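Please read the following account alongside the sequence and the three-dimensional view.

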Amino acid sequence: MSRASAARLVLLAAIWGASFLFVRIAAPVIGPVATADLRMLVGGGALAAYYAATGFDAKWRRWWPHYLAIGALNCAAPFLLYGYAALALTAGLLAVLNATSPMWGALLSVLVLRERLSGPRLAGLLFGVAGVALVCTPERSAGWLAVAAGLAAAFCYALTGVILKRWASEASARGMAAGTQMMGGLLVLPLLALAPPAAFTPGIAGALLALGLVCGALAYVLYFRLIVDLGPTGALTVTYLIPLFGVLWGALFLHEPLTAPMVLGALVVVAGTALVLRG
């Protein structure tokens, strides 16, 4: 791996780890619905504008049903779930729960795609269960519903991967990045009438712009470049680093406590993720 690719990998992990920080800032103030919807509309709109400027054809007429279906599953549902979970959980814990996505994916691949559950993958699944149990210590017992929402969001990402692999493998990944966010944002838009956001402060507006432009649009551009440089498997190594950055940003900017179970649980989940992906 070149130094430039390594730098992009670390930068992408830092950006996606920060997304949980921004959700933790915005959701308790303006609500999960507004947080989820505005980040999708801003991110999807920015990517669509970038593609138009660079001449990339997302083939909306052909793939819009896929963009809509995957947008509901891969953007709308997990963003709403993470927004709800952020009302009770720390940014660090949200990032750790997100890292269970490859473990859900391994389990779904066995059940749906009939893939073999290898020894490393099985060990990774067991590590994941142990890591989640460590970070969800008894003092967090009041937030078990929020923990379930975070795990459900990670499950949505895993289910998306299985669906794309089986039914939509020909769709452009770059088109999916913009199309799914735009469609997801339009799908959630009517819910704003039922849960309108409160008044925006400069800090909340900045957090939403960071979610859409940096954690959405810019992060996808970096991810596509990593896929070109390292291949899909190499680019997935960013998953190892995201929970570490999520815990770090939460501690630095929100003064979230770094307890021994949190740190140990995060490391165990990262180890489980590594085993699952390598397996």
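The paragraphs below go through helices, contacts, aromatic groups and a pocket in turn.

The model is predicted, and local features are taken from parts with pLDDT of at least 70. A convenient place to begin is helix α4, which spans residues 91-98. Eight of its eight residues are buried, so helix α4 is largely enclosed by the rest of the structure. The buried residues in question are Ala-91, Gly-92, Leu-93, Leu-94, Ala-95, Val-96, Leu-97 and Asn-98. Asn-98, in helix α4, has a relative accessible area of 14% and is therefore buried, the cut-off being under 20%. What does Asn-98 touch, not counting residues up to four places away in sequence? The partners are Phe-20, Tyr-82, Ala-154, Tyr-157 and Ile-242.

Another residue of α4, Ala-91, is reached from helix α1. Arg-24 lies in that helix, which covers residues 3-30. Leaving aside neighbours within four places in sequence, Arg-24 is in contact with Ala-91 and also with Ala-86, Leu-89, Thr-90, Leu-254 and Glu-256. At 24% relative accessibility, Arg-24 counts as partly exposed. A long step in sequence is bridged here as well: the C-alpha atoms of Arg-24 and Gly-250 are separated by 9.0 Å, although the two residues are 226 apart along the chain.

Between two of the contacts of Arg-24, Leu-254 and Glu-256, the chain passes through His-255. This residue is found in the loop between α10 (238-253) and α11 (260-278). His-255 has a positive phi of about 55° although it is not a glycine. With a relative accessible area of 66%, His-255 is exposed. Lys-59 also has a positive phi, of about 50°, and is not a glycine either. Its place is the loop between α2 and α3 (60-85). Lys-59 counts as partly exposed, at 42% relative accessibility.

The helices on either side of that loop can be taken next. Helix α2 runs over residues 32-54 and contains Thr-35. Thr-35 counts as buried, at 2% relative accessibility. With residues up to four places away in sequence not counted, Thr-35 touches Ala-26, Ala-27, Ile-30, Leu-208 and Leu-211. Helix α3 contains His-66, which is partly exposed with a relative accessible area of 27%. The C-alpha atoms of His-66 and Met-183 are separated by 9.7 Å, with their positions 117 residues apart along the chain.

Turning to the aromatic residues, a search of the whole structure finds 11 aromatic pairs. In one of them, the rings of Trp-104 and Phe-155 have centres 5.4 Å apart and planes at 90°, so this pair is edge-to-face. Trp-104 lies in helix α5 and Phe-155 in helix α7 (residues 144-167), so the pair ties together parts that are 51 residues apart in sequence. Both rings belong to residues of intermediate accessibility: Trp-104 counts as partly exposed at 28%, and Phe-155 counts as partly exposed at 30%. Elsewhere, Trp-16, Tyr-220, Tyr-223 and Phe-224 form one aromatic cluster.

Charged side chains also meet aromatic rings. Arg-39 lies over the face of Phe-79, at 3.7 Å from the ring centre. The charged end of Arg-174 sits over the ring of Phe-56, 4.2 Å from its centre.

Trp-104 leads on to the second largest pocket, since this residue is part of the lining. Which other residues line the second largest pocket? They are Thr-100, Met-103, Leu-107, Leu-125, Gly-128, Val-129, Val-132 and Leu-151. The pocket holds about 170 Å³ of space. Two helices, α5 (101-111) and α6 (119-135), each supply at least two residues of the lining. The largest share, four residues, comes from α6. By class, the lining has seven nonpolar, two polar and no charged residues.

Definitions and conventions. Residues numbered from 1 in each chain as written. Predicted model: local features only at pLDDT ≥ 70, side-chain atom pairs only at ≥ 80, totals over all residues. Heavy atoms only, no water. 1 Å grid on protein atoms, 1.4 Å probe; cavity = no way out; pocket = protein on both sides within 12 Å on 5 of 7 lines; lining within 4 Å. Points joined across faces, edges and corners; volume = space filled by probe spheres on them. Nonpolar A, V, L, I, M, F, W, Y, C, P; charged D, E, K, R; others polar. Phe/Tyr/Trp six-rings, centres within 6.5 Å; stacked < 30°, edge-to-face > 60°. Buried < 20%, exposed > 50% of the residue type's maximum accessible area, 1.4 Å probe, protein only. Lys NZ or Arg CZ within 6 Å of the ring centre and 35° of its normal. Contact = heavy atoms within 4.5 Å.
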